[in-house]
Amino acid sequence: AKPVLGRHEAPSWLTAGTMQKESDIAAMTISDAATEAGLSYSYRPSLLGAGWTFTLTPDGLAWSAGIRSGLMRYDRIQRMRMAYRPMSMQTTRYMTEIWAAGEPPLSIVSTTWKSMLEQQRLDAEYARFVTALHARVAAAAAPVVCERGRPALIYWPGLVVFVGVSLAIAALIVRALQAHAMVPAIFIGLFFGLFVWHGGTFFSRNRPGRYDVAEPPRDLLPG
């Protein structure tokens, strides 16, 4: 039945437009489902090295890098680690590491090299692929251990050093202000702000711990 506007029927052009829109939405849904079935992700870890491509197949995580390739079955995955791993040329960079019995460890990174001076962020593609990968591993009921952040033996000593350096820089700012050296105090203050911002982000996101494979930590996914 056609929609009714008051006591009058909707114009034919409006009804046709609504039907076309519903048809387009249905087509998009079917397309998205088909894409999800063979979802792929590619990135280049270095400018000169081969690019890596990962594909979610029904049986496992298929991967290829140059002439090498393999298939890591979901039910054989033993360990996964998500972390925030910035670099000097790309300060927003995430990584997921995967280990399985009898397979080489795999690393999926959220950036790719485009040129000698540029790395491109793949935030949306990375988040979608890693989330879908976790869903596949959870569905396979694999006895996987999921870790987040940096290993505790690296994280806690690093945090102590970060706090110590921050306090030392803050003391320098105070000394500069006491000596009425405003210009040095401003420069040191700017450096201190950047240092605390980047370091604080790194340590807050990389705190060690474990998570449920069905719920990957949102703070370790871009976006």
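In the predicted model, Ala141 is located in the loop that connects helix H2 (123-139) to S12, and its phi, near 55 degrees, is positive although the residue is not glycine. Most residues other than glycine have a negative phi. With a relative accessible area of 63%, Ala141 is exposed. A positive phi is also found at His180, where the value is near 60 degrees, again in a residue other than glycine. His180 follows H3 and has its place in the loop between H3 and H4; its relative accessible area of 69% makes this residue exposed.

Helix H3, which His180 follows, comprises the 27 residues 152-178. At 1.5 Å a residue, a span of 39 Å is expected for this helix, and the C-alpha atoms at its ends are indeed 39 Å apart, so that expectation and model agree. The buried residues of H3 are Tyr155, Phe162, Ser166, Ile169, Ile173 and Ala176, and the element against which these buried residues pack is helix H4 (182-205). An α-helix has 3.6 residues a turn, so residues three or four places apart point the same way. Such a spacing can be followed in part of the buried set of H3, including Phe162, Ser166, Ile169, Ile173 and Ala176.

These helices belong to a chain that has 4 helices and 13 strands. Of its 223 residues, 32% count as buried. Among the contacts in the chain with a separation of 6 or more, 57% are accounted for by residues 24 or more positions apart. The accessible surface of the chain amounts to about 13,500 Å², and carbon and sulfur atoms contribute 64% of this area.

Part of the nonpolar surface is gathered in a patch formed by Leu47, Leu48, Met116 and Leu117, which together have about 520 Å² of accessible area. Within this patch, Met116 lies in the loop between S10 and strand S11 (118-121), and Met116 counts as exposed because its relative accessible area is 63%, over the cut-off of 50%.

Ser110 lies in another loop, the one between strand S9 (106-109) and strand S10 (111-115), but here the residue is buried, with a relative accessible area of 0%. The side chain of Ser110 reaches the backbone nitrogen of Tyr94 at 2.8 Å. When neighbours within four places in sequence are left aside, the residues in contact with Ser110 are Tyr41, Thr92, Arg93, Tyr94, Gln120, Arg121, Leu122, Asp123 and Tyr126.

The structure holds 6 salt bridges. One of them joins the side chains of Arg73 and Asp75, with an N to O distance of 3.3 Å; both partners are partly exposed, Arg73 at 36% relative accessibility and Asp75 at 39%. A further salt bridge is formed by Arg79 and Glu147, whose closest N and O atoms are 3.2 Å apart. This pair links distant parts of the chain, since Arg79 belongs to strand S7 (residues 77-84) and Glu147 to strand S12 (residues 145-148), 68 residues apart. Arg79 is partly exposed, with a relative accessible area of 30%, whereas Glu147, with a relative accessible area of 15%, is buried.

Strand S12 also contributes Arg148, which forms a salt bridge with Asp219, the closest N and O atoms being 3.0 Å apart. Asp219 is found in the segment after strand S13 (209-210), so the bridge ties together parts of the chain that are 71 residues apart in sequence. At 9% relative accessibility, Arg148 counts as buried, while Asp219, at 26%, counts as partly exposed. Finally, salt bridges that share partners join Arg79, Arg81 and Glu147 into one network.

Terms used: Residues numbered from 1 in each chain as written. Predicted model: local features only at pLDDT ≥ 70, side-chain atom pairs only at ≥ 80, totals over all residues. Heavy atoms only, no water. Helix = DSSP H or I, 4+ residues; strand = E, 2+ residues; numbered from the N terminus. Buried < 20%, exposed > 50% of the residue type's maximum accessible area, 1.4 Å probe, protein only. Contact = heavy atoms within 4.5 Å. Areas by Shrake-Rupley, 256 points an atom, 1.4 Å probe, with all protein chains shown as cover. Polar contact = N/O pair within 3.5 Å; in protein donor to acceptor, adjacent residues only side chain to side chain. Expected span 1.5 Å × (residues − 1). Patch = residues over 30% accessible without salt bridge, like charges linked within 9 Å, V, L, I, M, F, W, Y side chains within 5 Å. Salt bridge = Lys/Arg side-chain N within 4 Å of Asp/Glu carboxyl O.
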